[in-house]
Amino acid sequence: MRNSRLLKKVIVFGIKLIGYIIYKISCVVPRNKKKWLLGDIMGFSGNTKYYLPELLEKNKEFGYNIIWITHDRDLIFSISKMGVKVYYWLAPKAIYHCLTAGVYMVTDCTKDINPYLSGKAYYVTLWHGVGLKGVGRLSKIYKSVADRKRNNFYYRVLFFYWIYRKPDLCLTTSYFQMKNFFMPMFDLSEEHFLLGMYPRNQIFFQPSVEIKSFVERYCLKEQSLFMETLHSYKKIYIYMPTWRDDGRNFIEYSGIDFAVLSEALAKKNALFILKFHSKTNLDIRLLKSFSNIVLMDKRFDVYPILPFTDCLITDYSSIYSDYLLLDKEIIIFDFDKDEYMSKDRELLFDFDEYTLATRAHDFKELLNLINYNVDCHISNEDKKRMMDIYWGARNSSLDIFEEIRHRIFNVTI
């Protein structure tokens, strides 16, 4: 057993070492500052997707080469309809562009495009959620390594693209977030940050007709059809639990009785949408037999759907902060809080203090909130406090395009 673990470590290190060497070679390749790459390893999604239309519009004046790099061949046609060049990340043309592009714009880190070919590219992350969980230099795995070892060659190779490959520019949504989460996570100073609203959240403030138009243009046809069915329900709940690192079947431990839940929803003409993290892989085929419970297709983009829901049910997910912007009801269903904090991600701040909302600690409490139509809106005082923490820069007039141009071309904003 010990030998097999050692062999696995050697293989993993060997693969990462090859990638690290390729990265070092990519650092000497000349870069074209007028070639900008965008991507998101999770698909055509995230802040890069939502920023793309604005970028294409602003770029009409300048004619930079804007390219989307996808990790899913099936998305090439649908993305290309937006009028942007699209290449599969391992295709010869993609490799060439990844080696020569001056700007990498991502939702998470350079793995959204190609971490091994990103050397010396100007690396911009629009990020994918507010800070509450320990990631990067704040993660358990990084902090478990002794200080004296963290900068040795072995760990630099293992962690290089998500620890040592620091972004040149990072979008964050409040000064609190920047100071308490992003700066220590990336080990960066203030000048590397932009304060403003996430592009994906700006759709919350659009009229319904414009949201539906966006879905028709940039999302799957099936999503449009799904959204058309929502108007027939009196109230819509959406359950969005975060992913558990060990992949355990947390739904089983939640105690949810879907038959009882569906019956309660049917009496109120309410719908319960299940939207799992894309990495979640649970066998929930039985849900198909319940009329008022639906499992959302993993391919759907949830952000245009959220404005048409009435109540979010979540746990330790950053979707909590997104939903605050909608001024709707929120329920924190934290049935496994102790287990999550011990086995999964370490939370940087007191969970109860930084996620003010109605609590349901087990299925019985959750069902009561639904049965008795309990108003789960956050009080005005609590809402203001949470908004300042997570969305303190929501009224910023930030222009991401001009900020990047200013920094790489030294032009005046």
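Okay, let's start with a definition: two strands pair if DSSP finds at least two bridges between them. Keep that in mind, because strand 1 and strand 4 are joined by five bridges, so they count as a pair. One caution before I go on: what you see above is a predicted model.

Let's stay with that pair. Strand 1 and strand 4 run parallel, and Gly-39 stands opposite Val-106 of strand 4. Then we can step across to the next neighbour: strand 4 is joined to strand 5 by four bridges, again in parallel. Val-106 turns up here too, standing opposite Thr-125 in strand 5. How many residues of strand 4 are buried? Six of the six. That's why we can call strand 4 largely enclosed by the rest of the structure.

Now zoom out to the sheet. Seven strands make up an open sheet, and if you walk across it the order is 3-2-1-4-5-6-7, with parallel pairing. Which strands sit at the edges? Strand 3, residues 85–88, and strand 7, residues 193–195, each of which pairs on one side only. Neighbouring strands in this sheet are turned against each other by 25° on average, ignoring direction. For anyone who wants the chemistry, strands of a sheet pair through backbone hydrogen bonds, either parallel or antiparallel.

At the strand 7 end, three bridges tie strand 7 to strand 6, residues 169–172, and those two run parallel. If you want one contact to look for there, Thr-172 has Leu-195 of strand 7 as its bridge partner.

Next, two helices that lie across these strands. Helix 2, residues 46–59, lies across strand 1, strand 2 and strand 4, and its angle to strand 2 is about 160°. Helix 7, residues 175–186, lies across strand 5, strand 6 and strand 7, and runs at about 160° to strand 7.

There's another strand worth a stop, and that's strand 8, residues 235–240. Strand 8 is mostly covered, with six of its six residues buried. Which way do the residues point? Lys-235, Tyr-237 and Tyr-239 go one way, while Ile-236, Ile-238 and Met-240 go the other, and all are buried. Strand 8 has partners as well: five bridges join it to strand 9, residues 270–274, in parallel, and four bridges join it to strand 11, residues 311–314, also in parallel. Tyr-239 is a handy marker here, since you'll find it opposite Leu-274 in strand 9 and opposite Ile-313 in strand 11.

On to the aromatics. How many aromatic pairs does the structure hold? The count is 36. One of them is Phe-160 with Tyr-161, an edge-to-face pair at 5.9 Å centre to centre, with 85° between the planes. Both Phe-160 and Tyr-161 are buried. They also belong to a cluster linked by ring pairs, whose members include Phe-13, Tyr-20, Tyr-116 and Phe-153.

Rings can also have a charge sitting over them. Arg-156 has its charged end over the ring of Tyr-164, 4.3 Å from the ring's centre. Arg-385 does this with Tyr-354, and there the distance to the centre is 5.7 Å.

Now for a couple of backbone oddities. Most residues other than glycine have a negative phi. Lys-120 isn't a glycine, yet its phi is positive, at about 70°. Where is Lys-120? In the loop between strand 4, residues 101–106, and strand 5, residues 122–125. Lys-120 counts as exposed because its relative accessibility is 63%. Trp-127 also has a positive phi, near 65°, without being a glycine. Trp-127 lies in the loop between strand 5 and helix 5, residues 140–143. Is Trp-127 buried or exposed? Buried, with a relative accessible area of 7%.

Last topic, cysteines. Searching the whole structure turns up zero disulfides. Take Cys-109: the nearest cysteine sulfur belongs to Cys-170 and is 12 Å away. A disulfide needs the two sulfur atoms within 2.5 Å, so that distance rules this pair out. Looking from the other end, Cys-170 has Cys-109 as its nearest cysteine sulfur, and Cys-170 is in no disulfide either. Both cysteines are tucked away: Cys-109 counts as buried at 6% relative accessibility, and Cys-170 counts as buried at 1%.

That's the tour, and I'm happy to take questions.

Note on methods
Residues numbered from 1 in each chain as written. Predicted model: local features only at pLDDT ≥ 70, side-chain atom pairs only at ≥ 80, totals over all residues. Heavy atoms only, no water. Buried < 20%, exposed > 50% of the residue type's maximum accessible area, 1.4 Å probe, protein only. Axes fitted to C-alpha atoms, helices over the stretch in contact; angles between N-to-C directions. Contact = heavy atoms within 4.5 Å. Phe/Tyr/Trp six-rings, centres within 6.5 Å; stacked < 30°, edge-to-face > 60°. Lys NZ or Arg CZ within 6 Å of the ring centre and 35° of its normal.
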